[in-house]
Each structure stands twice: as structure tokens, then as C-alpha cells.
Amino acid sequence: MTDAIEPGEIGGDVEDFLRDEGRLEEATARAVKRVIAFQLRAAMDEQKLSKVAMAARLKTSRAQLDRLLDPDNASVTLDTLSRAARAVGREIVLELR
């Protein structure tokens, strides 16, 4: 005989789970980085801007740009992301809640 799951035993959300596991900040930072990388790539595509041209705008190497655009690379600094946003005519907006 299996144990029945009572109503209310399963619930909550991913945010609650991550908070309970002590991983909410890390997950949030990774999610933000993924969104910004996606938006930077979309802005480059919109402007028909190649990686070589974007790297030149940022005065960096193509390898560095690849790390910047890698949605899984969470080691990119806010300053670097901000410079990249300005290079495509955008800005990063952060807020505290």
C-alpha cells in the first residue's frame, strides 16, 4: 500500500524551494545574466552587428565577447554588461525591491 498524498502537502514554488536550499541568490543572478546575454545578442542581431564588430566597439577580444554572451557564464561583471549595453545603444536598469 502506498502513502496517499494529502492536499496541501505538495505546493509552493521554485522560488520557495531555492530559498529553502540557500540557492535563491545564485539562481536569480544566473537568470538575470541569461536574460541580459539574450537581450545583448538580440540587439546585435537587430543592428546586424557581428561579434568582431561588437568586440571592436568594446575594445576587447572576440573570446572575451563570447564569454560575455555566454548565458551560463556568471562571472561577467556588471560594469562589463553595462559597457556592452551602451555599445548597442541600450542601458541596464536595476532596482531594489
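Lys59 sits out in the open: with 77% relative accessibility, it counts as exposed. You'll find Lys59 in the loop between H3 and H4, and its phi is positive, near 55°, even though it is a residue other than glycine. Keep in mind that this is a predicted model. From here, the tour goes through the loops, the core, one helix pair and the salt bridges.

**Loops and unusual backbone angles**

- Lys48 is another non-glycine residue with a positive phi, this one about 50°.
- The place to look for Lys48 is the loop between H2 and H3.
- Lys48 has 75% relative accessibility, so it counts as exposed.
- Gly22 comes right after H1 and has a positive phi too, near 75°.

**The start of helix H1**

- Helix H1 covers residues 14–21, and Asp13 caps its N-terminal end.
- In that cap, a side-chain oxygen of Asp13 lies 3.3 Å from the backbone nitrogen of Glu15.
- Glu15 also turns up in a network of salt bridges, linked with Asp16 and Arg19.

**The nonpolar core**

- The largest nonpolar core has 17 residues.
- Which of its members touch the most others? They are Leu40, Met44, Met54, Leu58, Leu65, Leu68 and Val88.
- Four helices each give two or more residues to this core: H2 (24–46), H3 (51–58), H4 (62–69) and H5 (78–87).
- Val88 is a good place to zoom in: leaving aside residues up to four places away in sequence, Val88 touches Leu40, Ala43, Met44, Gln47, Leu49, Met54 and Arg57.

**How H2 meets H4**

- To describe two packed helices, you give the angle between their axes and the distance between the axes.
- For H2 and H4, the axes come within 8 Å and cross at roughly 125°.
- That angle makes H2 oblique to H4.
- On the H2 side, the contact is made by Lys33, Ala37, Leu40, Arg41 and Met44.
- On the H4 side, the residues making the contact are Leu65, Arg67, Leu68 and Leu69.
- Leu40, Met44, Leu65 and Leu68 in this contact are also among the core residues that touch the most other members.

**Asn73, between H4 and H5**

- Is Asn73 buried or exposed? Asn73 has 14% relative accessibility, so it counts as buried.
- Asn73 lies in the loop between H4 and H5.
- The side chain of Asn73 makes a polar contact of 2.6 Å with the side chain of Ser75.
- Not counting residues up to four places away in sequence, Asn73 touches Lys33 and Arg67.
- Lys33 of H2 and Arg67 of H4 also take part in the contact between those two helices.

**Salt bridges**

- There are seven salt bridges in the structure.
- One of them pairs Asp72 with Arg30, with the closest N and O atoms 3.9 Å apart.
- This pair links distant parts of the chain: Asp72 is in the loop between H4 and H5, Arg30 is in helix H2, and they are 42 residues apart.
- Asp72 is partly exposed at 42% relative accessible area, and Arg30 is partly exposed at 34%.
- Asp66 forms a salt bridge with Lys51, and here the closest N and O atoms are 3.0 Å apart.
- What does this pair tie together? Asp66 lies in helix H4 and Lys51 in helix H3, so the pair ties together parts that are 15 residues apart in sequence.
- Asp66 is partly exposed, with a relative accessible area of 32%, and Lys51 is partly exposed with 26%.
- Asp45 and Arg41 meet through their side chains in a salt bridge of 3.4 Å, N to O.
- Both Asp45 and Arg41 belong to helix H2, where they are four residues apart, about one turn of the helix.
- Asp45 counts as partly exposed at 45% relative accessibility, and Arg41 counts as partly exposed at 32%.
- Arg41 shows up elsewhere as well, as one of the H2 residues in the contact with H4.

Notes: Residues are numbered from 1 along each chain as its sequence is written. This is a predicted model: local features need pLDDT of at least 70, side-chain atom pairs count only at pLDDT 80 or more; totals for chains, interfaces and linings use all residues. Side-chain values use heavy atoms; hydrogens and water are left out. A nonpolar core is a set of buried Ala, Val, Leu, Ile, Met, Phe, Trp, Tyr and Cys residues joined through side-chain atoms within 4.5 Å. Buried means under 20% relative accessible area, exposed over 50%, partly exposed in between (1.4 Å probe, protein chains only). Contact means heavy atoms within 4.5 Å. A polar contact is a pair of N or O atoms within 3.5 Å; within protein, one must be able to donate a hydrogen and the other to accept it, and residues adjacent in sequence count only if both atoms are side-chain atoms. A salt bridge is a side-chain nitrogen of Lys or Arg within 4 Å of a carboxyl oxygen of Asp or Glu. Axes are lines fitted to C-alpha atoms, for helices over the stretch in contact, and angles run from 0 to 180 degrees between N-to-C directions. Angles under 35 degrees count as roughly parallel, over 145 as roughly antiparallel, 65 to 115 as roughly perpendicular and the rest as oblique.
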